[in-house]
Amino acid sequence: MGALIAMLVVLGVVVPFGASKEQLSTRECENLGFTGLALCSDCNSLAEYVKDQELVSDCRKCCTEDSDDSISKVTYSGAILEVCMRKLVFYPEIVGFIEEEKDRFPSVKVQYIFNSPPKLILLDDADEHKETIRIDNWKREHILQFLQGKVKRASAI
C-alpha cells in the first residue's frame, strides 16, 4: 500500500480526502467499467441515479476531484451501446435492456462489434465520441438511470 501511495505521489495524483480514500489504477478502473468516468462529480451524479453503493464506491475510487460541480450536469446528445453479439448470452441484463427498454431512448443505438465488451459510447452534438463507459456488470436499472440522467431526450420521429 505504501508503494502505491508513493507511486501516486510521483505521478502527481492528489487525493483530496486524505489517505483514507483508496484510489485504483487506470487498468483496475477500466476493468470495473469506469473508462471515461473520471470526475468525482460524475460519481455523485451516478449515486443520484444508481442506488448500488458498491458501484458508487468503485466509481469514487476511480475519480478525480473537479472544481466545478456543474460539470456533472453535462449531458450527451446520444450514445452507442456496443457489444459482441456472441457474448450477449453472458449479459442477460444488457439483453433485457436492448429488448425491453432501448426503444425509450431513440438517441441510443446498438452496435454489434465482434469481441467488444459491453460499453456505452457517449456522443456530443456532432455525433463525436466523447466518453466510453464499460457496463459489463451493470444491471438493467443502472443502464436506464444513467441514460436518463446523461443522454438528452430526443423526440421520436
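The legends below describe close-up views of a predicted model.

**View 1. Two phenylalanines, F97 and F105, form a tilted aromatic pair.** A pair of aromatic rings is described by the distance of the centres and the angle of the planes. The structure holds two such aromatic pairs, and in the one shown here, made by F97 and F105, the centres lie 6.1 Å apart while the planes meet at 35°. Both partners, F97 and F105, are buried.

**View 2. The rings of W138 and F146 form an edge-to-face pair.** This is one of the two aromatic pairs of the structure, and here the ring centres of W138 and F146 are separated by 5.4 Å, with 75° between their planes. Because planes over 60 degrees apart count as edge-to-face, the pair of W138 and F146 takes that name. W138 has a relative accessibility of 3% and therefore counts as buried, and F146, with a relative accessibility of 4%, counts as buried as well.

**View 3. Helix α3 and helix α6 cross at roughly 120°.** The axes of α3, which spans residues 40-49, and α6, which spans residues 140-150, come within 9 Å of one another, and their crossing angle makes α3 oblique to α6. The crossing in which α3 passes α6 is right-handed.

**View 4. Residues of α3 and α6 make the contact between these helices.** From α3 the contact involves D42, L46 and Y49, and from α6 it involves Q145, F146, G149 and K150. Sorted by character, the residues in this contact of α3 with α6 comprise three nonpolar, two polar and two charged ones. F146, listed here on the α6 side, is also the ring partner of W138.

Terms used
Residues are numbered from 1 along each chain as its sequence is written. This is a predicted model: local features need pLDDT of at least 70, side-chain atom pairs count only at pLDDT 80 or more; totals for chains, interfaces and linings use all residues. Side-chain values use heavy atoms; hydrogens and water are left out. Rings of Phe, Tyr and Trp (its six-membered ring) pair if their centres lie within 6.5 Å; planes under 30 degrees apart count as stacked, over 60 as edge-to-face and the rest as tilted. Buried means under 20% relative accessible area, exposed over 50%, partly exposed in between (1.4 Å probe, protein chains only). Axes are lines fitted to C-alpha atoms, for helices over the stretch in contact, and angles run from 0 to 180 degrees between N-to-C directions. Helices (H or I, at least four residues) and strands (E, at least two) are DSSP runs, numbered from the N terminus. Angles under 35 degrees count as roughly parallel, over 145 as roughly antiparallel, 65 to 115 as roughly perpendicular and the rest as oblique. A crossing is left-handed if the near helix is turned anticlockwise from the far one by less than a right angle, and right-handed if clockwise. Contact means heavy atoms within 4.5 Å. Ala, Val, Leu, Ile, Met, Phe, Trp, Tyr, Cys and Pro count as nonpolar, Asp, Glu, Lys and Arg as charged, and the others, Gly among them, as polar.
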